[in-house]
Protein chains: 2
Amino acid sequence: MNEQDENTSEWMAGSIGVNAVVVRNVTGLLRRAGLVLTQQGVPGARLARPLPDITLLDVYRAVEDSLDLFTIHPRPNPECSVGANIQVSLEGVFGEAQQAMEHRLSQTTMAEIVRQLQAAATC
Amino acid sequence: MNEQDENTSEWMAGSIGVNAVVVRNVTGLLRRAGLVLTQQGVPGARLARPLPDITLLDVYRAVEDSLDLFTIHPRPNPECSVGANIQVSLEGVFGEAQQAMEHRLSQTTMAEIVRQLQAAATC
DNA sequence: CTAACTTGTAACAGGAAACGTTACAAGTTA
DNA sequence: TAACTTGTAACGTTTCCTGTTACAAGTTAG
């Protein structure tokens with residue numbers, strides 16, 4: 001088995017233990033987010049940007065479909081003064097909480113993750 | 001309809017537009033978290049602590065069942081050096097990201113939320 | 001004490017969403 | 001041209017969430 005084959009969806013799927021289509025779907029998300037480069041018919045995938053330029057937030061946003069971490073009761077009772085205004089009050093805090101979470105993710109790059117992996121492997 | 005009846009699960013359920021059992025289940029979570037006081041057979045529910053002593057994090061933890069915001073691939077391939085160590089690397093960052101989110105929630109009390117509601121109602 | 005309330009909870013049923021899989025079109029390379 | 005690959009739509013299954021029903025347990029007014 002060639003080393004270049006370690007990038008194919010089939011090989012990765014076998015290593016992870018899932019179907020190859022699952023890998024291709026995730027790869028598609030990463031490609032649309034501009035993180036990896038894949039081409040129909042060409043085996044394998046390679047990075048679109050160097051590892052230090054990819055943060056965990058980039059990956060998180062690429063994979064996560066829902067933009068909002070918190071979801072709020074969709075149909076408030078118009079006759080209820082609480083229900084009419086609770087959205088506005090909560091959305092502010094929830095937005096800031098999500099922003100705090102995402103800021104932490106943006107502080108760690110894939111390069112640091114890979115470095116930690118290599119350090120753990122040599123132990 | 002008496003004003004005291006506005007605390008019963010039946011009344012709240014009608015106002016929100018859900019089944020009364022749903023309200024009782026949520027109330028049970030809040031009671032087990034020490035936020036509200038309810039008693040079998042006694043109509044209504046009242047706060048266990050004053051509003052300024054209840055943060056959004058208290059409510060979040062009471063209602064949210066899963067302790068971890070991020071879940072990680074459960075069965076790593078032991079022959080894959082990445083899969084063997086990726087958990088440890090990611091758990092640290094994920095934990096800190098969740099902690100940042102929860103810290104923001106802990107900075108806002110229910111008293112402030114109620115105050116914002118009252119301000120919006122008088123507009 | 002009894003009747004009519006309530007809350008607490010287990011059990012069941014329904015629907016929705018997530019997931020893996022299959023199948024095939026489209027592209028590339030030897 | 002043949003044998004690969006990726007991209008994606010479509011399908012079936014399974015799991016999970018949710019609402020509902022049903023009933024036990026407790027309280028209070030009369």
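Q: What makes a residue count as one of the 22 around DNA strand C, and which of them come nearest?
A: In this predicted model, a residue counts as near a strand if its C-beta atom, placed from the backbone, lies within 6 Å of it. Around DNA strand C, 22 residues are found, and A:Asn19, A:Val21, A:Gly41, B:Thr8 and B:Thr38 come nearest.

Q: Which elements supply at least two residues each of the surface near DNA strand C?
A: They are H2 of chain A and, from chain B, helix H1 (9-16), H2 and strand S2 (42-47). H2(B) gives the most, with 6 residues.

Q: How is the surface near DNA strand C divided by class into nonpolar, polar and charged residues?
A: There are 6 nonpolar, 13 polar and 3 charged residues on this surface. Gly is counted among the polar ones.

Q: Which residues come nearest to DNA strand D, and which element gives the largest share of the surface near that strand?
A: A:Thr8, A:Thr38, B:Asn19, B:Val21 and B:Gly41 come nearest, out of 22 residues around DNA strand D. Two or more residues are given by each of H1, helix H2 (20-32) and S2 of chain A, and by helix H2 (20-32) of chain B. H2(A) provides the largest share, 6 residues.

Q: How do you know what span is expected for H2(A), and what span does this helix reach?
A: The expected span is 1.5 Å times one less than the number of residues. H2(A) has 13 residues, for which 18 Å is expected, and the helix reaches 18 Å from its first C-alpha to its last. The residue A:Gly34 follows H2(A) and has a positive phi, near 80°.

Q: Why are S1 and S2 of chain A called paired strands?
A: Two strands pair if DSSP finds at least two bridges between them. Strand S1 (residues 36-39) and strand S2 (residues 42-47) of chain A are joined by 3 bridges, so they meet the cut-off, and they run antiparallel. A:Val36, for example, has A:Leu47 in S2(A) as its bridge partner.

Q: What do S1(A) and S2(A) form, and how many residues lie between them?
A: They form a hairpin with 2 residues between the strands. In the turn, A:Gly41 has a positive phi of about 95°.

Q: In what order do the elements of chain A run?
A: From the N terminus on, the order is α-α-β-β-α-α-α. That comes to 5 helices and 2 strands.

Q: What makes a residue buried, and what part of chain A is buried?
A: A residue is buried if 20 or more other C-beta atoms lie within 10 Å of its own. Of the 123 residues in chain A, 12% are buried.

Q: How many residues does each chain bring to the contact between chains A and B, and which helix of chain A supplies the largest share?
A: Chain A brings 28 residues and chain B brings 28 residues. On the side of chain A, helix H1 (9-16), helix H4 (81-106) and helix H5 (110-121) each supply at least two. The largest share, 15 residues, comes from H4(A). By class, this side of chain A has 15 nonpolar, 10 polar and 3 charged residues.

Q: Why is the relation between chain A and chain B called a two-fold axis?
A: A turn of 180° with a shift of 0.0 Å along the axis lays chain A on chain B with an RMSD of 0.0 Å. Such a relation is that of a two-fold axis. In chain A, A:Met101 has the C-alpha nearest the axis, 2.4 Å from it. The same surface serves both copies, as 100% of the contact residues of chain A recur in chain B.

Technical notes:
Residues are numbered from 1 along each chain as its sequence is written. Chains are lettered from A and ligands numbered from 1 in the order in which they are written. This is a predicted model: local features need pLDDT of at least 70, side-chain atom pairs count only at pLDDT 80 or more; totals for chains, interfaces and linings use all residues. Helices (H or I, at least four residues) and strands (E, at least two) are DSSP runs, numbered from the N terminus. Two residues are in contact if their C-beta atoms, placed from the backbone, lie within 7 Å. Copies are superposed by least squares on the C-alpha atoms of residues with pLDDT of at least 70 in both.
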